[in-house]
Structures are given as C-alpha cells and as structure tokens.
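Here's a quick tour of a protein model, pitched for your first year. Keep the 3D view open while you read.

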Amino acid sequence: MSGSLLHAGAVIGCPHGGRAAPVTTPSGGVRVDGAAVATADHAYVVAGCQHTVDDVPSPCVSVRWSVADTGVTADGAPVLLDTCAAQCFSAALVPQGPPVVQAAQRKVTVR
C-alpha cells in the first residue's frame, strides 16, 4: 500500500461539500512540516454538509477510517494515508460516501 500521509492541516471534506476535522487536534511527536501526522486514533467530525434525501436534511456528521495494517505507525497507532478506505456517515449511521482528501503530505510506500 502506498499513499500520502494525512496530517492536522490536511483538507478533508464529505462528498457533499462539508468539512471534516479531527475531534481533537493530532498532537503527537511525529510531524510533517510542523503539523502532527493523523492516525487511526483520531476521530473526525463533519460540519457544513448540505446533503438531503427526499428534501429531508441528512448531513454527514462523521468520518470513519478503515486503516490497513501497513506496519507504519506514529505514536503507536497506524497512520492515515490518503489511500486508506474511509466512509462518511449521517447521524443515523447511514453511509453517505467516501471523504474527499484535497491536501496531503509526503509519499509513503510500504513493501
């Protein structure tokens, strides 16, 4: 698996234009250009999603990452790559599509 590391400054959104952000800012000791590397330990929430189903608001409220065991960890937790599987969910835990990652740093290749 290869991909770019996600960090605290990565721009992540839901497929409907909402903005995803970590619940707590990653603050570990592993940094990329001064920003902490995001790991599987960080939960993400979504704000500003305008998604509706049959004219009923059904906004994305969270992102869940499915992190493959690549062997790459930061502060004891698997790092998040822009290639990691993820899904945005509504408050009712209905899957609403994968997040859109607009910015990532440093290419990582795991063999």
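Two strands pair if DSSP finds at least two bridges between them. Strands themselves are DSSP runs of E, at least two residues long, numbered from the N terminus. This is a predicted model, where local features need pLDDT of at least 70, side-chain atom pairs count only at pLDDT 80 or more, and totals for chains, interfaces and linings use all residues. Residues are numbered from 1 along each chain as its sequence is written, and side-chain values use heavy atoms, leaving out hydrogens and water.

**The sheet**
- Strand S2 (residues 12-13) runs antiparallel to S13, and 2 bridges join them.
- Across that pairing, Ile12 sits opposite Val101 in S13.
- Zooming out, there's an open sheet of 6 strands, paired antiparallel in the order S12-S9-S6-S3-S2-S13.
- Its edge strands, S12 (85-90) and S13 (100-101), each pair on one side only.

**The core**
- The largest nonpolar core (buried Ala, Val, Leu, Ile, Met, Phe, Trp, Tyr and Cys residues joined through side-chain atoms within 4.5 Å) has 22 residues, and Ile12 is among those with the most contacts inside it.
- S6 (44-47), S9 (60-66) and S12 each supply at least two of its residues, with the largest share, 3 residues, coming from S9.
- Val46 is in contact (heavy atoms within 4.5 Å) with residues further off than four places in sequence, including Cys14, Cys60 and Val63.

**The cysteines**
- You'll find 0 disulfides here, a disulfide being a pair of cysteine sulfur atoms within 2.5 Å.
- For Cys60, the nearest cysteine sulfur belongs to Cys49, 3.8 Å away.
- Cys60 is buried at 2% relative accessible area, where buried means under 20% (1.4 Å probe, protein chains only).
- Cys84 is buried too, at 7%.

Technical notes:
Helix = DSSP H or I, 4+ residues; strand = E, 2+ residues; numbered from the N terminus. Buried < 20%, exposed > 50% of the residue type's maximum accessible area, 1.4 Å probe, protein only.
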